[in-house]
Amino acid sequence: MKKYSSLFLVFILSLPLLGACSDEEHKDHDGVHQASNGDLREQTESAEVIPTFLDDKSENMQNIYRAAAMHQDLLENIPCYCGCGESANHKNNYDCFIHENKKDGSLVWDDHATRCKACLDIAVKSILEYKDGKSIKEIRTMIDEQYKDGFGEPTPTPEV
């Protein structure tokens, strides 16, 4: 009987630890979540409202985030080459900026790109080329060629 009591006590005491290990995100008191990979995520009511984790970032970075949010169709077809496919389970360059688009129009932003020059450069180059009239397929080919050597594995972005 004593053996079972000891096992039960160990089981009860370990429950909080099991819960902490299995949570994908940990919610902070101000609405910012930390994903298991360390990225911060924050939901805002729309693409026009940028997350507070950008408050201390440059105006240029804030503008890149705004532009990325407005170019979902483009950036979901462009891979990222920083290694975030493996480290953060990203599928494309858009994931470096936006974790989720909600049905009500709100966005869950991701701060991954705030720490990654490759993420930012790929988005900026892709958006500028798109505005200059290049097709998504042409941009994809250009990005794949530019980043094929000396960078991380590309995200598993399906072919265009």
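A residue is called buried here when its relative accessible area is under 20%, exposed when that area is over 50%, and partly exposed in between (1.4 Å probe, protein chains only). The model is a predicted one, in which local features need pLDDT of at least 70 and side-chain atom pairs count only at pLDDT 80 or more, while totals for chains, interfaces and linings use all residues. Residues are numbered from 1 along each chain as its sequence is written, and side-chain values use heavy atoms, with hydrogens and water left out.

To start with the whole chain, 39% of its 160 residues are buried. Its secondary structure adds up to 6 helices and 5 strands; helices (H or I, at least four residues) and strands (E, at least two) are DSSP runs, numbered from the N terminus. Read from the N terminus, the order of elements is α-β-β-β-α-α-α-β-β-α-α. Taking contact to mean heavy atoms within 4.5 Å, residues 24 or more positions apart make up 58% of the contacts in the chain with a separation of 6 or more.

Helix α2 is a good place to look next. It has 12 residues (59–70) and spans 17 Å from first C-alpha to last, close to the 16 Å expected at 1.5 Å a residue; the expected span is 1.5 Å times one less than the number of residues. Met61, Gln62, Ile64, Tyr65, Ala68 and Ala69 are the buried residues of α2. These residues sit on the same side of α2 because they cover an arc of only 160° around the axis, the arc being that of the directions from the helix axis to the C-beta atoms. Turned away from that buried side is a face with the exposed residues Glu59, Asn60 and Met70. As for what covers the buried residues of α2, the list includes α3 (72–75), β4 (98–101), β5 (107–110) and α5 (117–131).

Strand β5 turns up in that list, and it has partners of its own. Two strands pair if DSSP finds at least two bridges between them. Strand β3 (residues 40–44) runs antiparallel to β5 and is joined to it by 4 bridges, with Glu42 having Trp109 as its bridge partner in β5. β4 also pairs with β5 in the antiparallel sense, over 3 bridges, and here Glu100 stands opposite Val108. Between β4 and β5 lie 5 residues, making a hairpin, and Gly105 in the turn has a positive phi of about 95°. In a regular strand, side chains alternate between the two faces of the sheet. Both faces of β5 are covered, with Leu107 and Trp109 buried on one side and Val108 and Asp110 buried on the other.

Back in strand β3, Thr44 is worth a closer look. Thr44 counts as buried because its relative accessible area is 7%. Polar contacts are pairs of N or O atoms within 3.5 Å; within protein, one must be able to donate a hydrogen and the other to accept it, and residues adjacent in sequence count only if both atoms are side-chain atoms. The side chain of Thr44 makes such a contact with the side chain of Trp109 at 2.7 Å, and it also reaches the backbone oxygen of Val49 at 2.7 Å. Leaving out residues up to four places away in sequence, Thr44 touches Val49, Ile50, Pro51, Ser106, Leu107 and Trp109.

Over in helix α5 there is Glu129, which is buried because its relative accessibility is 16%. The side chain of Glu129 makes a polar contact with that of Lys134 at 2.7 Å. Beyond neighbours within four places in sequence, Glu129 is in contact with Lys134, Ile139 and Met142.

Finally, the cysteines. With a disulfide taken as a pair of cysteine sulfur atoms within 2.5 Å, the count is 0. The closest cysteine sulfur to that of Cys84 is in Cys82, but at 3.6 Å it is too far for a bond. Cys84 itself is buried, at 0% relative accessibility. For Cys96, the closest cysteine sulfur is in Cys119, and at 3.5 Å that is too far for a bond as well. Cys96 is buried too, with a relative accessible area of 0%.
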